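User: Hi! I would like a close look at a single part of this protein, and then a view of how that part fits with the rest.

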Amino acid sequence: MTYVVTDNCIRCKYTDCVEVCPVDCFYEGENMLVIHPDECIDCGVCEPECPAEAIKPDTEPGLDQWLVLNAEYAAKWPNITIKKDQMPEAAEMDGVPDKRQYFSEKPGSGD
């Protein structure tokens, strides 16, 4: 099992989760975070820290596409270990359904 970041992170990008990760397996894109599945130790401490509830265990049904996306972009984006401000539109975007359409492939700045 591993944890994955799902579409509710898109255009919210809360970073509370990165501060508690003991193995620094989060990577930053322009408008979301991902978890590197090979680095995640399945401890689960990140899941309750996400205000948008965007982090899920990969054992939940329907998350295959998010596991693939997390693996792909964790290999491309910079590592993030320090909490940053969420995106300005986070409050209005939190909970908006089907946010995949807003996904950006561009990397974030990392630490």
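Which residues of helix H2 (residues 64-74) are buried?

Analyst: Happy to help. A word on the source: this is a predicted model, in which local features need pLDDT of at least 70 and side-chain atom pairs count only at pLDDT 80 or more, while totals for chains, interfaces and linings use all residues. Residues are numbered from 1 along each chain as its sequence is written, and side-chain values use heavy atoms, with hydrogens and water left out.

In H2, the buried residues are Trp 66, Leu 69, Asn 70, Tyr 73 and Ala 74. Buried here means under 20% relative accessible area, exposed means over 50%, and partly exposed is in between (1.4 Å probe, protein chains only). Helices (H or I, at least four residues) and strands (E, at least two) are DSSP runs, numbered from the N terminus. Looking down the axis of H2, the buried residues fall within an arc of 115°, so they line one face of the helix; the arc is that of the directions from the helix axis to the C-beta atoms. The general background is that an α-helix has 3.6 residues a turn, so residues three or four places apart point the same way. On the other side of H2, Asp 64 and Val 68 are exposed.

What lies over the buried face? The cover of the buried H2 residues includes strand S1 (3-5), strand S2 (26-28) and strand S3 (33-35), where contact means heavy atoms within 4.5 Å.

H2 also has a part in the largest nonpolar core, which has 33 residues. Such a core is a set of buried Ala, Val, Leu, Ile, Met, Phe, Trp, Tyr and Cys residues joined through side-chain atoms within 4.5 Å. The residues with the most contacts inside this core are Phe 26, Met 32, Val 34, Ile 35 and Ile 55. At least two core residues come from each of S1, helix H1 (16-20), S2, S3, H2 and H3, and H2 gives the largest share, four residues. Take Phe 26 as an example: leaving out residues up to four places away in sequence, its partners include Val 5, Cys 17, Leu 33, Ile 55 and Ile 80.

Now step back to the whole protein. There are three helices and four strands, running β-α-β-β-β-α-α from the N terminus on. Of the 111 residues, 49% are buried. Among contacts with a separation of 6 or more, 77% are between residues 24 or more positions apart. The radius of gyration is 12 Å, which agrees with the value near 13 Å for a compact globule of 111 residues; the radius is taken over C-alpha atoms, and the globule rule is 2.2 Å times the number of residues to the power 0.38.

Two loop residues are worth a look as well. Asp 42 is in the loop between S3 and strand S4 (55-57); its phi is near 60°, a positive value in a residue other than glycine, and at 30% relative accessibility Asp 42 counts as partly exposed. Glu 53 lies in the loop between S3 and S4 and is exposed at 57% relative accessibility. Glu 53 and Gly 95 are 42 residues apart in sequence, with 8.9 Å from C-alpha to C-alpha.
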